[in-house]
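Reader: I'm more at home with tubes and gels than with coordinates. Could you walk me through reading a few features of a model?

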Amino acid sequence: MNDKIFDYCLRIGDSSLILSHRIGEYCSKAPILEEDLAITNVGLDLLGQAESFLNYAAELKGNTTADELTFKRKEKDFRCLHLVQTPNIDFAFILTRQFLIDCYHQTLFNQLVNSQDERISGISKKAIKEINYHLKRSTEWILRLGLGTDHSNQRLQNAVNELWMYTDELFIDNETDIQMDNLNIGPLSSSLKNPWEQLVTSTLRSASIEVPEANLYSLQYGKNGFHTEYLGYILAEMQHLPLLYPDASW
């Protein structure tokens, strides 16, 4: 059972970790100073959530640490979602990616606060407060850009169209999902689809953004260790110093 809980914690922790790194890449590039501070704080929140889940994963595995899981695993051993790996094309892409993940996180963590695993439940009760803020912020930006100028609406629509194909992975069940559901530790991913869609589509329609058709783009997913071409570049940058100086301490 611990192996599946370990895998489940990696999935959540890795996704938050990689998204935090992507947000870190955008630091100082936001359109206004207030947003630069806000999005950086979102990244720090995600990093904290990643640390909590990876610390728990390290304890379950034994003889390792969250730092080693972060900096010394190979690409195939990561379990992050494809959506969080996508590059920072422009502000519309960054905002749309964040909004889609925020909706997913709120839907997921509202279930995890009642997890039979006390550690996961505890982490989730703390994280849900941050997630609610993240969703409020990204929702406000979706409405602001969608209802702004024709240009901002079109840029946002383009980002939604391009990123939508990555959302199918959020709701695909694998063996870990099934076992977590059987043990009342975490919900089936497929059970999150309807509430997520309601949350996302109501905001997009309010922002005059058309909801794209769902098209499967892959049969292999990050939660199973199969990744986009982007993750290798992220890890090369993120793991460079720890691998170059493995015994260094701060």
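Author: Sure, let's start with what a pocket is: an open set of grid points with protein on both sides within 12 Å along at least five of seven lines, and its lining residues have an atom within 4 Å of a point. Keep in mind that this is a predicted model.

Reader: What is the idea behind looking for pockets that way?

Author: Rolling a probe the size of a water molecule over the atoms shows where empty space is left. Here, the largest pocket holds about 300 Å³ of space.

Reader: Which residues lie nearest the centre of the largest pocket?

Author: Those are Phe71, Pro242, Tyr245, Pro246 and Ala248, out of 11 lining residues. Helix 3 gives the largest share of the lining, three residues, and helix 10 (240-244), like helix 3, supplies at least two. Sorted by class, the lining has seven nonpolar, one polar and three charged residues.

Reader: And what volume does the second largest pocket have?

Author: About 240 Å³. Its lining counts 15 residues, and Thr167, Asp168, Lys193, Glu197 and Ala214 lie nearest the centre. By class, the lining of the second largest pocket splits into nine nonpolar, three polar and three charged residues.

Reader: Okay, on to helices. How does one describe two that pack together?

Author: You give the angle between their axes and the distance between the axes. Take helix 5 (residues 118-146) and helix 8 (residues 193-206): their axes come within 8 Å and cross at roughly 35 degrees. The crossing of helix 5 with helix 8 is right-handed.

Reader: Which residues of helix 5 and helix 8 meet?

Author: From helix 5 you have Leu135, Thr139, Ile142 and Leu143, and these meet Leu199, Thr203, Leu204 and Ser206 of helix 8. That contact has five nonpolar residues, three polar ones and no charged ones.

Reader: Last topic, backbone angles. Which sign of phi do most residues other than glycine have?

Author: For most of them phi is negative. Asn63 goes the other way, with a positive phi of about 55 degrees although it is not a glycine. You'll find Asn63 in the loop between helix 2 (33-61) and helix 3 (66-71). Asn184 also has a positive phi, near 60 degrees, and Asn184 sits in the loop between helix 7 (175-182) and helix 8.

Reader: Is Asn63 buried or exposed?

Author: Exposed means over 50% relative accessible area, and Asn63 has 85% relative accessibility, so it counts as exposed.

Note on methods
Residues are numbered from 1 along each chain as its sequence is written. This is a predicted model: local features need pLDDT of at least 70, side-chain atom pairs count only at pLDDT 80 or more; totals for chains, interfaces and linings use all residues. Side-chain values use heavy atoms; hydrogens and water are left out. Axes are lines fitted to C-alpha atoms, for helices over the stretch in contact, and angles run from 0 to 180 degrees between N-to-C directions. Helices (H or I, at least four residues) and strands (E, at least two) are DSSP runs, numbered from the N terminus. A crossing is left-handed if the near helix is turned anticlockwise from the far one by less than a right angle, and right-handed if clockwise. Contact means heavy atoms within 4.5 Å. Ala, Val, Leu, Ile, Met, Phe, Trp, Tyr, Cys and Pro count as nonpolar, Asp, Glu, Lys and Arg as charged, and the others, Gly among them, as polar. Buried means under 20% relative accessible area, exposed over 50%, partly exposed in between (1.4 Å probe, protein chains only). On a 1 Å grid over the protein atoms alone, a cavity is a set of points where a 1.4 Å probe fits but cannot get out, and a pocket is an open set with protein on both sides within 12 Å along at least five of seven lines; lining residues have an atom within 4 Å of a point. Grid points are joined across faces, edges and corners, and a volume is the space filled by probe spheres set on the points.
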